[in-house]
Amino acid sequence: MSELTFSIVKPDAVEAGQAGAVLQMILDAGLKIRAMKMIRLTREQAEGFYAVHRERPFFKDLVNYMISGPVVVSVLEGDNAIARYRELMGATDPAKAAEGTIRKRFGKSIEANACHGSDGPDTAKTEVAYFFSRLEMVG
């Protein structure tokens, strides 16, 4: 069944010039890009997006990292897109990620791990709506 998921190419990968290669891996995996833009998150936007982690000890560092440079946000579509993109991303820790995954190839650390993806249907719906209006989605 076709579904939507959300992706962020994080500041470390964008700064290293790897956004295109990450997006190509997404396309090569058979997922379609329905919407995409490069943005620089404000502190308020990053805090809102990661609000679920507000009470966690890493929240401040996560927000500071996510506002440190531009990111590429996109909406992906495909059959079982959420699970497929999570598999393509690989484990959160690039050192533990499987060969051929985005994080294994481009990730530097647990925090600077090149990408983010929705972890379920409800999260995907919320994350897509946080960054994109229906008018911005193609297809």
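**View 1. Surroundings of Ser7 in the predicted model.** Ser7 touches Ile26, Val72, Val73, Ser74, Leu76, Tyr85 and His116, when residues up to four places away in sequence are not counted. The model shown in this and every other view is predicted. Ser7 has its place in strand β1, which spans residues 2–9. The residue counts as buried because its relative accessibility is 0%. One polar contact of Ser7 runs from its side chain to the side chain of Tyr85, at 2.8 Å.

**View 2. Ser74 and its contacts.** Ser74 is placed in strand β3, a strand that covers residues 71–79. With a relative accessible area of 1%, Ser74 is buried. Apart from neighbours within four places in sequence, Ser74 is in contact with Thr5, Phe6, Ser7, Ile33, Ala35, Met36 and Phe132. The contact between Ser74 and Ser7 links this view to the preceding one. Phe6, also among the contacts of Ser74, reappears in the next view.

**View 3. The aromatic pair of Phe6 and Phe49.** The structure contains 6 aromatic pairs. In one of them, Phe6 and Phe49 are tilted, with 5.8 Å from centre to centre and 50° between the planes. Phe6 belongs to strand β1 and Phe49 to helix α3, so this pair ties together parts that lie 43 residues apart in sequence. Both partners are classed as buried because a relative accessible area under 20% defines that class: the value is 0% for Phe6 and 11% for Phe49.

**View 4. Phe49, Tyr50 and the aromatic cluster.** Phe49, buried at 11% relative accessible area, also pairs with Tyr50. The rings of Phe49 and Tyr50 are arranged edge-to-face, at 4.8 Å centre to centre and with 90° between the planes. Tyr50 is likewise buried, its relative accessible area being 6%. One aromatic cluster is formed by Phe6, Phe49, Tyr50, Tyr130 and Phe131. Phe49 therefore takes part both in a pair that joins strand β1 to helix α3 and in the edge-to-face pair with Tyr50.

**View 5. The largest pocket.** The volume of the largest pocket is about 650 Å³. Its lining comprises 25 residues, of which Lys10, Tyr50, His53, Leu62 and His116 are the closest to the centre. Tyr50 is also a member of the aromatic cluster, and His116 is one of the residues touched by Ser7. At least two lining residues are supplied by each of α3 (43–49), α4 (59–66), α5 (81–89), β4 (115–117) and α7 (121–131). The largest share, 4 residues, comes from α7. By class, the lining divides into 9 nonpolar, 9 polar and 7 charged residues.

**View 6. The second largest pocket.** The second largest pocket holds about 180 Å³ of space. It is lined by Glu3, Leu4, Ile82, Pro121, Ala124, Lys125, Val128, Ala129, Phe132, Ser133, Arg134 and Met137. Strand β1 and helix α7 each contribute at least two of the lining residues. Helix α7 gives the most, with 5 residues. The lining consists of 8 nonpolar, 1 polar and 3 charged residues. Phe132, part of this lining, is also in contact with Ser74.

**View 7. Asn80, a loop residue with positive phi.** Asn80 is located in the loop between β3 and α5. Its phi is near 50°, a positive value in a residue other than glycine. Asn80 counts as partly exposed because its relative accessibility is 46%.

**View 8. Ala114, a buried loop residue with positive phi.** Ala114 lies in the loop between α6 (102–106) and β4. Phi of Ala114 is near 75°, again positive in a residue other than glycine. With a relative accessible area of 0%, Ala114 is buried, whereas Asn80 is partly exposed.

Notes. Residues are numbered from 1 along each chain as its sequence is written. This is a predicted model: local features need pLDDT of at least 70, side-chain atom pairs count only at pLDDT 80 or more; totals for chains, interfaces and linings use all residues. Side-chain values use heavy atoms; hydrogens and water are left out. On a 1 Å grid over the protein atoms alone, a cavity is a set of points where a 1.4 Å probe fits but cannot get out, and a pocket is an open set with protein on both sides within 12 Å along at least five of seven lines; lining residues have an atom within 4 Å of a point. Grid points are joined across faces, edges and corners, and a volume is the space filled by probe spheres set on the points. Ala, Val, Leu, Ile, Met, Phe, Trp, Tyr, Cys and Pro count as nonpolar, Asp, Glu, Lys and Arg as charged, and the others, Gly among them, as polar. Buried means under 20% relative accessible area, exposed over 50%, partly exposed in between (1.4 Å probe, protein chains only). A polar contact is a pair of N or O atoms within 3.5 Å; within protein, one must be able to donate a hydrogen and the other to accept it, and residues adjacent in sequence count only if both atoms are side-chain atoms. Contact means heavy atoms within 4.5 Å. Rings of Phe, Tyr and Trp (its six-membered ring) pair if their centres lie within 6.5 Å; planes under 30 degrees apart count as stacked, over 60 as edge-to-face and the rest as tilted.
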